[in-house]
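The following exercises concern helix packing, aromatic pairs and local backbone features. Please work through each task with the structure in view before reading its solution.

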Amino acid sequence: MLGTFTYHNPTKIYFGPNALEGLAGELAKYGPNVVLVYGGGSIKKNGVYDQVAAVLNATGKNVTEIAGVMPNPTIEKLREGVAVAKATSADLILAVGGGSVCDYSKAVSVSANCDEDPWEKYFVRFEEPSCPVVPVGCVLTMAGTGSEMNAGAVITDHAAKLKVGHVFANSDVMPKFSILNPEFTLSLPHRQVVAGIYDAFNHICEQYFSGSDDNVSDSIAEGLMRSVVENGRIAANDDQNYEARSNIMWAATWALNTLIAKGKPTDWMVHMLGQGVGAVTDATHGMTLSAVSLPYYRFIMDAGLPKFARFATHVWGINPVGKSERELAEAGLSSMEAWMRELGVAMNLAELGVTEADLDDIVAATFIMTGGYKTLTKEDVRNVLLQCL
Ligand code: NZQ
Ligand code: ZN
């Protein structure tokens with residue numbers, strides 16, 4: 001473990017079937033004005049809205065709602081939310097939904113006390129908040145992004161064909177608390193369940209396929225990956241299995257609450273490619289990642305051979321005897337491919353409606369990261385994307 005780091009994660013987690021019991025005590029810590037943020041209506045169908053509203057009413061809060069936060073929230077919706085938070089002098093923003101609702105709430109929280117345009121300030125210039133951040137709390141209804149315990153927010157500008165993530169350094173942006181009741185996720189459509197599972201798995205890969213020293217972060221990452229693989233298999237066949245879904249929910253939180261990135265570099269190129277695809281297609285986040293992962297990892301594999309070989313043995317249990325390092329590395333990626341097919345995630349970009357005519361826009365929207373085993377050129381990005389079609 002050769003890196004130097006500071007680790008601080010202030011988000012308080014309430015986990016389990018009774019997790020919502022923690023909400024009243026949390027609400028008591030903040031002023032009367034609550035902005036309740038949610039998506040396109042799933043929480044009204046599955047009863048989560050009623051449960052949360054009952055707690056808000058019992059605690060006598062002034063509640064203003066922002067409804068209709070779409071998957072991959074847009075800049076137009078963000079500006080609308082900032083205006084609501086300003087007008088109501090929000091004391092707390094309560095996000096009830098998946099990663100999109102949590103991300104959106106954080107993006108509003110850093111802008112509510114600020115006069116600059118939120119997109120320009122945070123997603124073009126990548127500044128840190130220069131105004132007080134409104135506290136955010138989350139009631140999570142979809143597992144995958146890790147947004148419930150991190151300082152990330154991803155916003156899409158459809159006109160400019162850009163989907164941009166900002167991971168804030170300021171820990172004030174992290175949710176003050178997150179309520180994780182796995183039962184709240186049981187109403188998810190199967191496609192979203194598996195997209196979330198793959199998203200969580202890929203977050204771990206992004207932090208694992210980098211660096212060369214032995215470190216605790218990689219060992220924790222391997223344990224998390226094994227759990228996501230095993231429970232993902234169970235959930236893919238029985239998506240009402242509480243035990244599997246609860247393990248996935250908790251593993252997804254730890255996959256991206258910054259712990260496993262400590263003391264080492266990180267890659268994040270699959271996410272950059274996925275965000276490029278998302279900018280052009282508005283496709284489901286986890287599916288944009290699954291569609292590009294294997295061609296990308298096969299492209300960089302030789303540059304990080306020891307880690308890919310370790311992945312094969314430590315995550316997939318492949319016996320190394322009689323295999324070269326390269327054969328082992330290839331076998332690991334083949335096992336990962338078989339598992340992805342078992343989950344039923346998108347295996348190529350054509351499944352997301354992408355054609356060769358879209359590639360210029362996707363290449364233009366793809367940011368290049370430098371922490372992984374190989375730094376891609378824009379030409380490499382194009383070649384990898386061609387393999388994904
Ligand atoms: O809008 P509603 O009606 O709630 O429906 C949502 C949405 O259609 C539905 N859903 C959520 N919970 C449900 C449910 N349907 C039935 N029952 C439930 N319990 O699922 C659909 C997808 O929801 P969304 O929030 O978009 O999914 P996800 O959690 O995957 O979030 C995706 C967003 O998070 C960003 C992505 O880029 C994307 O914009 N990410 C955020 C990250 C972070 N903060 O660190 C990291 C990730 O890599 C990711 O980039
Ligand atoms: Zn992701």
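The exercises below refer to this predicted model.

**Exercise 1. Helix 7 and helix 11**

Task: Determine how the axes of helix 7 and helix 11 are arranged, and which residues make the contact.

Solution.
Step 1. Helix 7 spans residues 190-208 and helix 11 spans residues 285-300; their axes come within 8 Å and cross at roughly 45°.
Step 2. An angle under 35 degrees would count as roughly parallel, and one of 65 to 115 as roughly perpendicular. Helix 7 and helix 11 are therefore oblique to each other.
Step 3. The handedness of the crossing of helix 7 and helix 11 is left-handed.
Step 4. On the side of helix 7, the contact is made by Arg191, Val194, Ala195, Tyr198, Asp199, Asn202, His203, Cys205 and Glu206. Helix 11 contributes His285, Gly286, Met287, Leu289, Ser290, Ser293 and Tyr297.
Step 5. Sorted by class, the residues of this contact of helix 7 with helix 11 comprise seven nonpolar, six polar and three charged.

**Exercise 2. Helix 7 and helix 10**

Task: Describe the packing of helix 7 and helix 10 by axis angle, contact residues and residue class.

Solution.
Step 1. Helix 10 covers residues 269-281, and its axis comes within 8 Å of that of helix 7, with a crossing at roughly 135°.
Step 2. Since the threshold for roughly antiparallel is over 145 degrees, helix 7 is oblique to helix 10.
Step 3. Asp199, Asn202, His203 and Glu206 of helix 7 meet Met269, Val270 and His271 of helix 10.
Step 4. The residues of the contact of helix 7 with helix 10 divide into two nonpolar, three polar and two charged.

**Exercise 3. Helix 11 and helix 15**

Task: Establish the angle and the handedness with which helix 11 packs on helix 15, and the classes of the residues in contact.

Solution.
Step 1. Helix 15 consists of residues 378-388; helix 11 and helix 15 pack at an angle of about 125°, with their axes 8 Å apart.
Step 2. Helix 11 and helix 15 are therefore oblique to each other.
Step 3. The crossing in which helix 11 passes helix 15 is right-handed.
Step 4. The contact involves Ala291, Val292, Pro295, Tyr296 and Phe299 of helix 11, together with Asp380, Val384, Leu385, Gln387 and Cys388 of helix 15.
Step 5. Eight nonpolar, one polar and one charged residues make up the contact of helix 11 with helix 15.

**Exercise 4. Two aromatic pairs**

Task: Classify the ring pair of tyrosine 38 and tyrosine 49, and that of phenylalanine 209 and tyrosine 297.

Solution.
Step 1. A pair of aromatic rings is described by the distance of the centres and the angle of the planes. The structure holds 17 aromatic pairs.
Step 2. For tyrosine 38 and tyrosine 49, the ring centres are 5.5 Å apart and the planes stand at 65°, so the pair is edge-to-face.
Step 3. Tyrosine 38 belongs to strand 2 (residues 33-38) and tyrosine 49 to helix 3 (residues 48-58), eleven residues apart.
Step 4. Tyrosine 38 counts as buried because its relative accessibility is 4%; tyrosine 49, at 17%, also counts as buried.
Step 5. For phenylalanine 209 and tyrosine 297, the ring centres are 5.0 Å apart and the planes stand at 50°, so the pair is tilted.
Step 6. Phenylalanine 209 lies in the loop between helix 7 and helix 8 (216-237), and tyrosine 297 lies in helix 11, 88 residues apart. Phenylalanine 209 and tyrosine 297 are buried.
Step 7. Phe209 and Tyr297 belong to one aromatic cluster, whose members include Tyr198, Tyr296 and Trp339.

**Exercise 5. Three loop residues**

Task: Characterise valine 110 by location, accessibility and contacts, and lysine 161 and threonine 258 by phi and accessibility.

Solution.
Step 1. Valine 110 is in the loop between helix 5 (99-109) and helix 6 (118-124), and its relative accessible area of 1% makes it buried.
Step 2. Proline 129 is 19 residues from valine 110 in sequence and 5.8 Å from it in space, C-alpha to C-alpha.
Step 3. Leaving aside residues up to four places away in sequence, valine 110 touches Tyr122, Pro129, Cys131, Val133, Phe168 and Val173.
Step 4. Lysine 161, in the loop between strand 6 (152-157) and strand 7 (162-167), has a positive phi near 55° without being a glycine. Lysine 161 is partly exposed, at a relative accessible area of 36%.
Step 5. Threonine 258, in the loop between helix 9 (242-255) and helix 10, has a positive phi of about 80° although it is not a glycine. Threonine 258 counts as partly exposed at 23% relative accessibility.

Technical notes
Residues are numbered from 1 along each chain as its sequence is written. Chains are lettered from A and ligands numbered from 1 in the order in which they are written. This is a predicted model: local features need pLDDT of at least 70, side-chain atom pairs count only at pLDDT 80 or more; totals for chains, interfaces and linings use all residues. Side-chain values use heavy atoms; hydrogens and water are left out. Axes are lines fitted to C-alpha atoms, for helices over the stretch in contact, and angles run from 0 to 180 degrees between N-to-C directions. Helices (H or I, at least four residues) and strands (E, at least two) are DSSP runs, numbered from the N terminus. A crossing is left-handed if the near helix is turned anticlockwise from the far one by less than a right angle, and right-handed if clockwise. Contact means heavy atoms within 4.5 Å. Ala, Val, Leu, Ile, Met, Phe, Trp, Tyr, Cys and Pro count as nonpolar, Asp, Glu, Lys and Arg as charged, and the others, Gly among them, as polar. Rings of Phe, Tyr and Trp (its six-membered ring) pair if their centres lie within 6.5 Å; planes under 30 degrees apart count as stacked, over 60 as edge-to-face and the rest as tilted. Buried means under 20% relative accessible area, exposed over 50%, partly exposed in between (1.4 Å probe, protein chains only).
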